[in-house]
Amino acid sequence: RQPSPRFVEPLARDRRRVNMAAKIAIAEAAALVVAGDRSLLIDNGSTAEAFAQALAGAGPRTVMTTSLMVAQHLLAQGQHTVMLTGGRIRPNALALTGRAVETALQGMRFDTFVMGADSVDPEQGLSTFLEEEAHLTRAMVEAAARVVVLADRTKLMKPSLHRICGLERVAVLVTDLPPGDPLAAALEERGVRLILTGPAGLRKTEEAR
């Protein structure tokens, strides 16, 4: 029996089954981070979908996304101006891809890009499973004044093949690492502001305000 490849993109339905309670907490914390923003660019993925749902009641925004599910959640809230980038649909991810994504982003500048990553590493930065996905995500990073990354602990130090960008481009990382974790310290040393969503982490964040 052949071993499973290390760099295989999970199906969207499988992603939604993994660590969802943590992803929802991360999404709700991230919604507070973007409270003052009027325009958002949102990635695809299960945590991005949870983030879109967390924007309900947060006031109208102008939002562009590559995710069909993110767009659906936002439209259901009845308050946002929602745009899709256009492009070919990736069935496994229910996300848009191709050169049309880059074309849609040309000449646009969003307050914040809210993104996930298949891997977050203090040394290697952000990476993903697919070369095309990495290329398009880099274009989305460049189309925003600020980058906020949503990543539960299963994504930290996880091997992934194609690099998106270094951590110097990330303003905020919202994750469920516990306070005092050595990895949290390593990420902060790279200049990333961490928001930790476990109970102890949230208490620490509130005390620091």
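**View 1. The hairpin between E7 and E8 in the predicted model.** A hairpin joins strand E7 to strand E8 through three residues, and what is shown here belongs to a predicted model. Strand E7 covers residues 119–121 and strand E8 covers residues 125–128, and the two pair in the antiparallel sense over three bridges. Within this pairing, Ser119 has Ser127 of E8 as its bridge partner. E8 also pairs with E10 in the antiparallel sense, again over three bridges, and here Leu126 stands opposite Cys165 of E10. Together the three strands form an open antiparallel sheet in the order E7-E8-E10, with E7 and E10 as the edge strands, each of which pairs on one side only. From one strand to the next, the twist averages 35 degrees. Helix H6 lies across E8 and E10, and runs at about 5 degrees to E10.

**View 2. The surroundings of Lys158.** Lys158 is found in the loop that connects strand E9 (144–150) with strand E10 (162–165). Is this residue buried, partly exposed or exposed? Its relative accessibility is 31%, and Lys158 therefore counts as partly exposed, since that class lies between the limit of 20% for buried residues and that of 50% for exposed ones. When neighbours within four places in sequence are left aside, Lys158 is in contact with Asp118, Ser119 and Phe129; of these, Ser119 is the residue whose bridge partner in E8 is Ser127. The C-alpha atom of Lys158 is separated by 9.9 Å from that of Thr128, a residue 30 positions away along the chain.

**View 3. The seven-stranded parallel sheet.** Seven strands form an open sheet in the order E3-E2-E1-E6-E9-E11-E12, and their pairing is parallel. The edge strands are E3 and E12, each of which pairs on one side only. On average, and with direction ignored, neighbouring strands of this sheet are turned by 20 degrees against each other. One of the pairings is that of E9 with strand E11 (residues 172–175), which run parallel and are joined by three bridges; within it, Val149 stands opposite Leu173 of E11.

**View 4. The largest nonpolar core, with Met115 among its best-connected residues.** This core has 32 residues, and those with the most contacts inside it are Met115, Val120, Leu126 and Val149. The elements that give two or more residues to the core are helix H5 (99–105), strand E6 (110–115), helix H6 (131–142), E9, E10, helix H7 (182–189) and strand E12 (193–196), and H6 gives the most, with four residues. Another core lies apart from it and has 23 residues, among them Ile26, Ala29, Val33 and Ile42. Beyond its neighbours within four places in sequence, Met115 is in contact with Asp43, Leu126, Thr137, Val141, Val147, Val148, Val149, Leu150 and Ile164. Two of the residues just named also appear in earlier views: Leu126, which stands opposite Cys165 in E10, and Val149, which stands opposite Leu173 in E11. In soluble globular proteins, nonpolar side chains tend to be buried together.

**View 5. Helices H3 and H4.** The axes of helix H3 (residues 46–54) and helix H4 (residues 68–76) come within 8 Å and cross at roughly 10 degrees. H3 and H4 are therefore roughly parallel to each other, because angles under 35 degrees count as such. The contact is made by Ala48, Glu49, Ala52 and Gln53 on the side of H3, and by Met69, Val70, His73 and Leu74 on the side of H4. H4 also lies across strand E1 (39–42), strand E2 (62–65) and E3, running at about 165 degrees to E3.

**View 6. Thr85 in the loop after E3.** The place of Thr85 is in the loop between strand E3 (81–84) and strand E4 (88–90). With a relative accessible area of 7%, Thr85 is buried, because the limit for that class is under 20%. Apart from neighbours within four places in sequence, Thr85 is in contact with Met64, Thr65, Thr66, Leu96, Ala100, Val101 and Ala104.

**View 7. Confidence along the chain and at two low-scoring stretches.** The mean pLDDT of the chain is 88, and 86% of its residues reach 70 or more. Over residues 1–7 the pLDDT is below 50, and this stretch has six contacts in the model beyond near neighbours in sequence. Over residues 201–209 the pLDDT is likewise below 50, and six contacts beyond near neighbours in sequence are found for this stretch.

Key. Residues are numbered from 1 along each chain as its sequence is written. This is a predicted model: local features need pLDDT of at least 70, side-chain atom pairs count only at pLDDT 80 or more; totals for chains, interfaces and linings use all residues. Side-chain values use heavy atoms; hydrogens and water are left out. Buried means under 20% relative accessible area, exposed over 50%, partly exposed in between (1.4 Å probe, protein chains only). Contact means heavy atoms within 4.5 Å. A nonpolar core is a set of buried Ala, Val, Leu, Ile, Met, Phe, Trp, Tyr and Cys residues joined through side-chain atoms within 4.5 Å. Two strands pair if DSSP finds at least two bridges between them. pLDDT is the predictor's confidence in each residue, from 0 to 100. Axes are lines fitted to C-alpha atoms, for helices over the stretch in contact, and angles run from 0 to 180 degrees between N-to-C directions. Angles under 35 degrees count as roughly parallel, over 145 as roughly antiparallel, 65 to 115 as roughly perpendicular and the rest as oblique.
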